[in-house]
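Reader: Please show me the structure, after which I should like to put some questions about its geometry.

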Amino acid sequence: MSNGFEIRDSELELHQFRARLWVAAGFVFVMFGLLAARFVYLQVVKYDHYHTLAEANRISIVPVVPNRGIITDRNGVGIAHNYSAYTLEIRPGRVDDLEKLINELAAVVEIAPRDRRRFRRLLEESKNFESLPIRTRLTEEEIARFAANRYRFPAVEINARPFREYPHGELFAHVVGYIGRINERDVKQLEAAEQLSNYRGTDHIGKVGIEQSYERHLHGTTGMAKVEIDAAGRAIRSLSRVAPISGNNLVLTLDARLQEVAYNTFGEFRGALVAIDPRNGEVLAFVSKPGFDPNLFVDGIDAQSWSELINSPDKPMTNRALHGQYPPGSTIKPFMALAALTLGKRTPQYTINDPGFFTLPGVSHQWRDWKKGGHGAVDLHKSIVVSCDTYYYGLANDLGIDNIHNYLSQFGFGARTGIDIEGEAIGILPSQQWKQRRFKQKWFVGDTISVGIGQGYMTATPLQLAHATAIIANGGNVVRPHLVQHVQDSRTLQLQSIARPSAPSLEIRADFLGRVQNALVDVLRPGGTAARSGAGASYPFAGKTGTSQVIAIKPGERYDAAKVHERHRDHALFIAYAPAENPVIALAVLVENGGSGSSTAAPIARQVLDYYLLGRDPQPLRRGKEEPDEHRD
Amino acid sequence: MSTVIRRIGGYATRHLDGPLLGMLAVLMLTGLLVLYSASSASVPRVSGQFINMLVALAVMWVFANVPPHYLLRLAFPVYFVGVALLLAVALFGEVIQGARRWLDVGVTRIQPSELMKIGVPLALAWYFERHEAALKLRNHAVAAVMLLVPVALILRQPDLGTAVLIAGSGFFVLFLAGLSWRVIAGLAAAALASLPLAWSALHDYQRQRVLTLLDPMQDPLGAGYHTIQSTIAVGSGGLFGKGWMNGTQTHLDFIPERTTDFVFAVYSEEFGLFGNLVLLALFLFVISRGLVITANAPTLFTRLLAGAITLTFFTYAFVNMGMVSGVLPVVGVPLPLISYGGTSLVSICLGFGILMSIATRKKLVQT
């Protein structure tokens, strides 16, 4: 093994090996050099980039939802407020078998079929994997029971959330409205109004009524919290916070107690009542009966409750005061009388002899008075007091439809009153042009006659009637009806009035107005159509009855309430203001299928006025208990 | 009495390499420090790893005291048993998380590929030692086959990380044994040419890892997530890092597997470029010491074995840091001596034990 050749050979080999080792060492060095270069690139050259990414990873901006403003009546009675309650929420994204999970949950916390239906509806509406409430308003005991079983339900959590509550239930449903969960359409509208960012984190938005129209004031400004989060998105700690600004509170013009009195006075009847302070347009009561419980809508109404509401023959979802359009009937007569005097078509002394019907030359049709045989000699005053139809048939004919249209439109008929909630119907104040546009037909002279007694094509909403009545009551001032008196700043608690555009006043000659007002007072005195309702009033008040036909009565037939199906009975109307001198309240009452204005609508008005002016508690009306009609008007 | 202790002490430490042991100790302590942060101050984890280290050091001491010629005798049997076990895994192995890597031997489960990390360089070095007198290309070819059989079996499991490490260690033996440059160049060309073929042989998830490396953002929450988050961690560390226990990527859970394969992301985020260069230097010292030992090893077998062990250690470190900093695909290779986990620690220390045995044996021969 030790001859020279082999030694040389193995030395050569060793030399060769060490050369390879040097190559390997060089390779190692170069590769580590490349790594070092990579580190320099990442940690020095691109440091800012990666620093930003790391910060973006760990910091999350979380919206802090402001408290929604509360709504009170003019005396500070709460109408919509917030309370904090515990909800049981499921994250559907983390659950495979929702049905099974809910069944298991139901063994721990009571879950009614209604809760399940509502949850399913919410699930359909929401597309993201947010958490959805299965139960709200958990009791302390339920919270404790769930807490003990929490380990079984990783996708379920209890959260404290603010809830909107309407303590008066259906009483204000049609005026204050409700909030509901934000849907796609709301998102689009918010986007268009560039408000979407302010709604980050907000689940609810005003859907109808004041909640909707004053959304901007009520919602407030969303705050922001900078939160450190981990990779699973859990908040670890709060870094900084911009506090939200609570929504402003609203003080309404409504009087909650008056609203309640008015609502209850209807008894079993359906209908609407709008009461306005004629001095300033403040709406004191705004009733549409039946109402519905707005609390059902706050967290999504379940399908069954919804179907019950929408299919009820009483149509509780219809806002009769705002959107119900009814022929105003004889309540239009004072306005027609003013038109006649102002346009010089009648003098106060002009007298007709009423045979009980009206005919047009060359037309065989008879327009009948409500009183068989007629009222005899009738002047302007008597025409209002006894509600003589024949007088107004002739008057309408003499005025012509376009004069009627132009004059009555000054009182707000056929147009929006501009009340501060959305969805107002405008009714129909017919004209030649209107008929042409609507039916592509010429106006016939005969069409005009029934407009004289507020029938035919003419319709109006109870709100419009109350608005027009306020104009007569206050001597011609067009006041815009409104529901919000003040907006209270949530931070300074200062009350701010809302600037409202003022409408031009009507020029009504005082003596003309005086005559009509006197006649309206006499409506409630012996001999007037509403004498019974005026009896014993300690304050003078003015009013006018009205009846509007639901079904057409064939010629030769007479209307007999007893024979007509209840839903086909006439609607009863009454407009009024009080006290007669310097009135503080003007109102319009509509009682659906109530028969005649004098039998149902006027008594309701009297009770509301008694309450408002005297503080007297009312007696609700009962169907069928009223005395037989003396007359239809 | 003290002489007795000194003698016993001298006897116990006579096969240990001081400089190497010192650097390993520094690296291990660094590992414990990083692990404490990466595990969010989990004392059980850190103490568990400390026990792993003691076991690994014990294994190292044992192998430092095994004379290299015993290893020479053990080399082929180890290799043979290893390949047999790999075949057994392929046939009867247990599938855990989609990979067939374990063999149930009644008492415990074993992972034969781990054995081959040392078995392959041992066997190849043994083979070249046997044919030392006249090494021909044919011998290299045989060695290559000896290498490719276990690598192919491990690739099939699939375990890309271990296959890369073993293929690397085998290649280092071939290279140091004098594989001609022309053959190396030819192989490189052939490898390039057969890339499409290799591509089709890869598993879907392995292909995905390669694709992910080329463009991590194509699947930022899926396959690309590891790479993106670890790169962010490294980059956001900056010059001096965010400080020990202060890494946001680490402590807010953004780095996956942050105590094991991705522990370097934690280290890099908290100690920055400065810390990275220190760590690179430490690794470089260890490798340099290994190469010095290799250069001075007495026989071809020990030279090849020492070289392969040293360069495999380099491969571990390079592949892991490259993967964490986003230049290499994600393969399951831990950062040597730093990553949590007993198995790799033991197999690395076993290698260093052999290295020390070779180093001190030579010294003994000289004295």
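Reader: Which residue is the bridge partner of A:Ile71 in β3(A)?

Author: This is a predicted model, in which local features need pLDDT of at least 70, side-chain atom pairs count only at pLDDT 80 or more, and totals for chains, interfaces and linings use all residues. Residues are numbered from 1 along each chain as its sequence is written, while chains are lettered from A and ligands numbered from 1 in the order in which they are written. Strands β2 (residues 71–72) and β3 (residues 78–90) of chain A pair in the antiparallel sense over two bridges; strands (E, at least two residues) and helices (H or I, at least four) are DSSP runs numbered from the N terminus, and two strands pair if DSSP finds at least two bridges between them. The partner of A:Ile71 in β3(A) is A:Ala80.

Reader: Which residue takes a positive phi in the hairpin of β2(A) and β3(A)?

Author: The hairpin has five residues between its strands. The one with a positive phi, near 90°, is A:Gly76.

Reader: Which residue of β4(A) is the bridge partner of A:Leu88?

Author: β3(A) pairs antiparallel with β5 (residues 156–165) of chain A through 10 bridges, and in β5(A) the partner of A:Leu88 is A:Ile158. β3(A) also pairs in the antiparallel sense with β4 (residues 132–135) of chain A, over three bridges. In β4(A), the partner of A:Leu88 is A:Arg135.

Reader: Which strands stand at the edges of the sheet β1-β8-β9 of chain A?

Author: The sheet is open, with three strands in the order β1-β8-β9 and antiparallel pairing. Each edge strand has a single partner strand, so one side of each is left without a neighbour in the sheet. The edge strands are β1 (59–64) and β9 (235–242) of chain A.

Reader: Which residue of β9(A) stands opposite A:Ile229?

Author: Strand β8 (residues 223–229) of chain A runs antiparallel to β9(A), and six bridges join the two. Opposite A:Ile229 in β9(A) stands A:Ala235.

Reader: Phi of A:Lys440 is positive; is this residue buried or exposed?

Author: A:Lys440 has phi near 55°, a positive value in a residue other than glycine, and lies in the loop between α18 (432–439) and α19 (445–451) of chain A. A residue is buried if 20 or more other C-beta atoms lie within 10 Å of its own, exposed if 12 or fewer, and partly exposed in between, with C-beta atoms placed from the backbone. Since A:Lys440 has 7 other C-beta atoms within 10 Å, A:Lys440 is exposed.

Reader: Is A:Asn593 buried or exposed?

Author: A:Asn593, a residue other than glycine, likewise has a positive phi, near 55°. The loop that holds A:Asn593 runs between β21 (585–592) and α23 (597–614) of chain A. With 20 other C-beta atoms within 10 Å, A:Asn593 is buried.

Reader: Which residue does a cis peptide bond join to B:Gln157?

Author: In chain B, the loop between α6 (137–155) and α7 (160–176) contains B:Pro158. The peptide bond from B:Gln157 is cis, with omega near 0°, and leads to B:Pro158.

Reader: How are α2(B) and α3(B) oriented to each other?

Author: Helices α2 (residues 18–38) and α3 (residues 43–64) of chain B pack at about 160°, with their axes 9 Å apart; axes are lines fitted to C-alpha atoms over the stretch in contact, and angles run from 0 to 180 degrees between N-to-C directions. Angles under 35 degrees count as roughly parallel, over 145 as roughly antiparallel, 65 to 115 as roughly perpendicular and the rest as oblique. The two helices are therefore roughly antiparallel.

Reader: Which helix gives the most residues to the side of chain A that touches chain B?

Author: Two residues are in contact if their C-beta atoms, placed from the backbone, lie within 7 Å, and 32 residues of chain A are in contact with 35 residues of chain B. On the side of chain A, α1 (4–45) and α2 (47–58) each supply at least two residues. With 18 residues, the helix that gives the most is α1(A).
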